[in-house]
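Me: I want the reasoning behind the labels, not the labels alone. Take me through it step by step.

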Number of protein chains: 2
Amino acid sequence: MTTPSGTQELVLPYAADMHVHLRQGDLMRMVTKLVRPGGVDTVYVMPNLQPPITTTEQALAYRDQLQALEPNVTYLMSLYLSPDLTPEEIRKAAQAGVVGVKSYPRGVTTNSDAGIESYETYYPVFQAMEEVGMVLNLHGEVPSDRDNGICVLNAEKVFLKHLKKLHQAFPRLRIILEHATTQDAVEMVKSLGDTVGCTITVHHLELIVDDWAGFHHNFCKPVAKYPHDREALRAVIKAGHPRFFLGSDSAPHPRSAKENVHSCAGVFTSPLVLPYLATLLESFGALDRLQGFACEFGRAFYGLPLPAPSAPTVRLQRMPVAKLSEMEELPFLVPQSFSFAKDESDAQPSASSEVVPFLAGRTLTWRIVES
Amino acid sequence: MTTPSGTQELVLPYAADMHVHLRQGDLMRMVTKLVRPGGVDTVYVMPNLQPPITTTEQALAYRDQLQALEPNVTYLMSLYLSPDLTPEEIRKAAQAGVVGVKSYPRGVTTNSDAGIESYETYYPVFQAMEEVGMVLNLHGEVPSDRDNGICVLNAEKVFLKHLKKLHQAFPRLRIILEHATTQDAVEMVKSLGDTVGCTITVHHLELIVDDWAGFHHNFCKPVAKYPHDREALRAVIKAGHPRFFLGSDSAPHPRSAKENVHSCAGVFTSPLVLPYLATLLESFGALDRLQGFACEFGRAFYGLPLPAPSAPTVRLQRMPVAKLSEMEELPFLVPQSFSFAKDESDAQPSASSEVVPFLAGRTLTWRIVES
């Protein structure tokens, strides 16, 4: 839409971000309040807390904490897959509204075949999940194993056979390959049935390996890979494939945990999800897919209602063309950091109390304005 | 050799490290004095100073500085390939004892084919180098070009056709592919004639991509790659191929330049070159190749005499087997850092005045003892 003043605008429903880390403590208090400002009102919440969320009670208690901080967001809760998880707990969790179970590679104890063979020990749990309609979210990487040629660059590709096998064993179980980063993953998900979905992050639509080689705020897992992999992620969005949808994997870490001997993996995108996406999708000719990718396909896969016509909307405004050459157009500038200092009277946030967002200091083409 | 006390020892000539960065200023003063303690008495010195060394005078002045700091090392000097370098300067440099010319990707101005096509503009220089017997050292990577699928992971592979073409154009010119990191590079060098050599660093015998993903002190260019690439480097050393030899690319950066928003590329290995190599080569069954790889093949390729039987030697001692399980065996421990504080009375070196070496804090199997 173009307004009378010539400014381009887009009006969308609030987005559903099907993979977020909302953390704990001070960081949780900051991050949770930044979900809606990013244009998102529905989030699928990761259970990798300390300790991990392995029971219905923990999930509900965590949801209560999040709701107290920001009641105008829908929190879809998940459990952490571990050997303690039982079919009984699955049925209890489903009854209580818990939506899914997340599998991390390290949660899969191993003896052979790069550690995923033992998914079979979870088959009774998956059976119960299939019965009650719970979703299985897979961190789709096998552990690195340099003696067998497996490293962060091919860990996702090697994992795909396990995805296929799981889908064949549980064809009615909804499975999501999280944060796909490779052409191989896109092809595999496309080849499988309608119960297999795939999330794509914001940052993997922009980054390749060069962008995290030495640049620590772009370092995440799975690592960003080759140009042709990024192209495959873009292409499947551009094609409007309904089983590929937004899961930002927004993963805040304090600056001190990134600029150090060893960086924690994760990119923080929550506060600007829709402006990032509008800017990126437009850059590769897929702006018309924004609403499907960010607002509709994820909800549909999870069986949630699409936003009603009367629901609140997000209004995105494009930078006037005349200003596109300006490097630092303040209203469109990504902040250098977000502070989560305990005491807001602290004038100087430190490296341990601020998070550097994706593309910090860069100008986006789109921003959210008051509806 | 096993001593009467049961300790294993190795006695070698001093090594020749055919690729080192000795830097400038305070860093140069520290690094240059650590060459011999690492078991090396001959180094091929990189010209990428600020400003770069582009003339014979600059090279000789730099050599004087280095010799004043440590006269018991032989410094083989090089010029930085740039459009200003003339055949006349090549002849003058050769006469003055300058040994070679280093080509960096960014020194190769570009229009097409990822920036290396214009090597042809240097053909008169290469012609003169061939005539006077100078060596051409290639940083064998094309610039990343994400629109054409080129990134840090395939930049070396894509470069190899240029190496082949140069060798075909100048079959008598000695060319060295520096710091090879891929199986493709090893195969290409093996396939070419006797005038094409290849250096291998210490760190690329140990690292794969996982080791620099988030671990900044292992980040270097070319980046360490797949397990099968590391295996190819190890295999060609194990085979005793005489055109593959030590060029450590030891590249010190202050700790503050590594643990930051953006890490400088480089791994610092000079102070412990032979202990690292003995430990690594033994780990993959190639300890018997240490002398050829580190002391002989490089000198032979460069046309230098091999060390005389009467020359000083380096004595390496292996950790007694009984201590192998001890994690922190002090005499075999890699220091956490090397300080280059201007004022040695500074009790507390800062992140900007110390360098973290390769495998800092780890225990090596071998150490150098007094001869």
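## How the copies meet

Reply: Start with the interface of this predicted model. Every interface residue of chain A, 100% of them, is also an interface residue in chain B, so the copies meet through the same surface.

Me: How do you know that the two copies are related as by a two-fold rotation axis?
Reply: Chain A superposes on chain B after a rotation of 180 degrees, with 0.0 Å of shift along the axis and an RMSD of 0.0 Å. The copies are thus related as by a two-fold rotation axis.

Me: Which C-alpha of chain A is nearest the axis?
Reply: That of A:Glu259, at 2.7 Å from the axis.

Me: What makes up the interface of chain A and chain B, in numbers?
Reply: 29 residues of chain A are in contact with 29 residues of chain B. The two chains bury about 2600 Å² between them. Carbon and sulfur atoms account for 64% of that area. The polar side has 16 residue pairs in polar contact across the interface, both residues at pLDDT 80 or more. There are 2 salt bridges between the chains.

Me: Which elements give two or more residues to the side of chain A that touches chain B?
Reply: H7 and helix H8 (227-238) of chain A. H7(A) gives the most, with 4 residues.

## Salt bridges

Me: Why is the pair A:Asp211 and B:Arg146 called a salt bridge?
Reply: The cut-off is 4 Å from a side-chain nitrogen of Lys or Arg to a carboxyl oxygen of Asp or Glu. Here the N to O distance is 2.7 Å, so the pair qualifies. The pair crosses between chains. A:Asp211 sits in helix H7 (residues 209-212) of chain A. B:Arg146 sits in the loop between strand E7 (135-139) and helix H5 (155-169) of chain B.

Me: Is A:Asp211 buried or exposed, and how do you know?
Reply: Buried means under 20% relative accessible area. A:Asp211 has 16%, so A:Asp211 is buried. Its partner B:Arg146 has 31%. That value falls between 20% and 50%, so B:Arg146 counts as partly exposed.

Me: What makes B:Glu130 and B:Arg172 a salt bridge?
Reply: Their N to O distance is 3.7 Å. The limit is 4 Å, so the pair counts. B:Glu130 lies in helix H4 (residues 123-132) of chain B, and B:Arg172 in the loop between H5 and strand E8 (174-178) of chain B, so the pair ties together parts 42 residues apart in sequence. B:Glu130 is buried at 9% relative accessibility. B:Arg172 is exposed at 59%, and the line for exposed is over 50%.

Me: How do you know that B:Arg255 and B:Glu354 tie together separate parts of chain B?
Reply: Their side chains meet in a salt bridge at 2.6 Å, N to O. B:Arg255 is in helix H9 (residues 255-258) and B:Glu354 in strand E13 (residues 354-355), so the linked parts are 99 residues apart in sequence. B:Arg255 is partly exposed at 23%. B:Glu354 is buried at 8%.

Me: Which residues do shared salt-bridge partners join into one network?
Reply: A:Glu88, A:Arg91 and A:Glu131. Over all chains, the structure holds 28 salt bridges.

## One aspartate and one helix

Me: Why is B:Asp210 called buried?
Reply: Its relative accessibility is 13%, and the cut-off is under 20%, so B:Asp210 counts as buried. B:Asp210 is in helix H7 (residues 209-212) of chain B. Beyond four places in sequence, B:Asp210 touches A:Ser144, A:Arg146, A:Cys151, A:Val152 and B:Phe215. A polar atom of its side chain lies 2.9 Å from the backbone nitrogen of A:Val152.

Me: How do you know that the span of helix H5 of chain A agrees with what is expected?
Reply: Helix H5 (residues 155-169) of chain A has 15 residues. At 1.5 Å a residue, the helix should span 21 Å; its end C-alpha atoms are 22 Å apart, which agrees.

Me: What covers the buried residues of H5(A)?
Reply: The cover includes helix H4 (123-132), strand E7 (135-139), strand E8 (174-178), helix H6 (183-191) and strand E9 (196-200) of chain A. Among the buried residues are A:Phe159, A:Leu160, A:Leu163 and A:Leu166.

Technical notes: Residues numbered from 1 in each chain as written. Chains lettered and ligands numbered in written order. Predicted model: local features only at pLDDT ≥ 70, side-chain atom pairs only at ≥ 80, totals over all residues. Heavy atoms only, no water. Buried < 20%, exposed > 50% of the residue type's maximum accessible area, 1.4 Å probe, protein only. Contact = heavy atoms within 4.5 Å. Polar contact = N/O pair within 3.5 Å; in protein donor to acceptor, adjacent residues only side chain to side chain. Expected span 1.5 Å × (residues − 1). Least-squares fit on C-alpha atoms with pLDDT ≥ 70 in both. Buried area = accessible area lost by both parts, 1.4 Å probe.
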